[in-house]
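I opened a fresh page for this protein chain. My plan is to go from the overall fold to single residues.

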Amino acid sequence: MNLDTITVQLAPTAGSTHVLNRSIASRPTIRIRPRRTRRGGGITDLLLAAVIAIIILGGLFALFQSVMRTIYDSRLNSMITRAASVIERSYSNSIIYPSGSMLATLGVSGAFGDDEVQKVGANYIFVTPYGGDITIVGSGARTYTITANNLPDHACSNLLTTYTDGATTLVGMAINGTALTAPFTQGAIDTACDNDENDVALTF
């Protein structure tokens, strides 16, 4: 049987026979060649992937640091605000704040968690989110001072900015022992806080 020619016999009509010959063209053979492997590309690809991974991880770490700084700064501001509120409420019937440490007033107020106000023996320690301590000292007169120690520059700026809007009972502030004077512009605050560590004193 010839595979290149198919003969189809049709039913005879009108005394004649029709023969249909259809030739099937030979199809070309398709050869699949294996993909060539690029030589020397393996190490380059690995290095490129490593660089991309480092960039991504660096960006994620920077974002994490930014978020944590925002959380810590906000928590610090809240701690100072609560401390001032507790002190002033506790001595609202008196115009004189006792001389010396007033941390015991915070310790018995119930306004702070154990990670914020810690009792060590007979004394209390008020701790910032950054690990430094906070002191509260009465003047023996009509003022008291809250000092947050060892704050980074951004926490220092954020804290002082919170208390320079004129809506508090703040009467003075100092950084590392140097008093700040009005006007308390953002630029002046940022410049004053431009230190690795800042002891920020707020006098109410």
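**Entry 1: order of elements**

I read the chain from start to end and wrote down the pattern β-β-α-β-α-β-β-β-β-α-β-β-α-β. That gives four helices and 10 strands. I note that the model is a predicted one.

**Entry 2: the chain as a whole**

I looked up burial next. Of the 204 residues, 26% are buried. I then looked up the accessible surface, which is about 13900 Å². Carbon and sulfur atoms account for 57% of that surface.

I also checked contacts between residues at least 6 apart in sequence. Of these contacts, 59% join residues at least 24 apart.

**Entry 3: the nonpolar core**

How many residues does the largest nonpolar core have? I found 35. The residues with the most contacts inside this core are Leu-106, Phe-126, Ile-136, Tyr-144, Ile-146, Leu-160 and Leu-202.

Which elements give two or more residues to this core? I listed three helices, H1 (41-90), H2 (103-107) and H3 (153-162). I also listed the strands S5 (123-127), S6 (133-138), S7 (144-151), S8 (172-175) and S10 (198-203). Helix H1 gives the largest share, seven residues.

I added a general remark from class. In soluble globular proteins, nonpolar side chains tend to be buried together.

I then picked Leu-106 for a closer look. I left aside its neighbours within four places in sequence. Leu-106 is in contact with Ala-83, Val-86 and Ile-87, and also with Phe-112, Val-117, Phe-126 and Ile-136. Two of these partners, Phe-126 and Ile-136, are themselves among the core residues with the most contacts.

**Entry 4: the disulfide**

I searched the whole structure for disulfides and found one. Cys-156 and Cys-193 form it, with their sulfur atoms 2.0 Å apart. Cys-156 lies in helix H3, and Cys-193 lies in the loop between helix H4 (186-192) and S10. The pair therefore ties together parts that are 37 residues apart in sequence.

I reminded myself that a disulfide is a covalent bond between the sulfur atoms of two cysteines.

Are Cys-156 and Cys-193 buried or exposed? Both are buried. I also looked up the angle about the S-S bond: it is -60°, and the link is left-handed.

**Entry 5: Asn-198**

I found Asn-198 in strand S10. Its relative accessibility is 0%, so I put Asn-198 down as buried. The side chain of Asn-198 makes a polar contact with the side chain of Asn-195, at 2.7 Å.

I set aside the neighbours of Asn-198 within four places in sequence and read the rest of its contacts. Among them are Ala-148, Asn-149, Asn-150, Leu-151, Pro-152 and Asp-153. Ile-175, Asn-176 and Ala-192 are also in contact with Asn-198. So that the link to Entry 4 is clear, I note that Asn-198 is in contact with Cys-156 and Cys-193 as well, and Asn-198 itself counts as buried.

**Entry 6: salt bridges**

How many salt bridges are there? I counted three.

I started with Asp-115 and Arg-75, whose side chains meet at 2.3 Å, N to O. Asp-115 is in the loop between H2 and strand S4 (117-120), while Arg-75 is in helix H1, so this pair ties together parts 40 residues apart in sequence. Asp-115 is partly exposed at 44% relative accessibility. Arg-75 is partly exposed too, at 30%.

Arg-75 also meets Glu-116 in a salt bridge, at 3.6 Å, N to O. This pair links distant parts of the chain: helix H1 and the loop between H2 and S4, 41 residues apart. Why do I call Glu-116 buried? Buried means under 20% relative accessible area, and Glu-116 has 7% relative accessibility, so Glu-116 counts as buried.

The side chains of Arg-82 and Glu-116 form a further salt bridge, at 3.0 Å, N to O. Arg-82 lies in helix H1 and Glu-116 in the loop between H2 and S4, so parts 34 residues apart in sequence are tied together. Arg-82 is partly exposed, with a relative accessible area of 25%.

I drew the salt bridges as one network, since shared partners join Arg-75, Arg-82, Asp-115 and Glu-116.

Methods
Residues numbered from 1 in each chain as written. Predicted model: local features only at pLDDT ≥ 70, side-chain atom pairs only at ≥ 80, totals over all residues. Heavy atoms only, no water. Buried < 20%, exposed > 50% of the residue type's maximum accessible area, 1.4 Å probe, protein only. Contact = heavy atoms within 4.5 Å. Areas by Shrake-Rupley, 256 points an atom, 1.4 Å probe, with all protein chains shown as cover. Core = buried A, V, L, I, M, F, W, Y, C linked by side-chain atoms within 4.5 Å. Polar contact = N/O pair within 3.5 Å; in protein donor to acceptor, adjacent residues only side chain to side chain. Disulfide = S-S within 2.5 Å. Salt bridge = Lys/Arg side-chain N within 4 Å of Asp/Glu carboxyl O.
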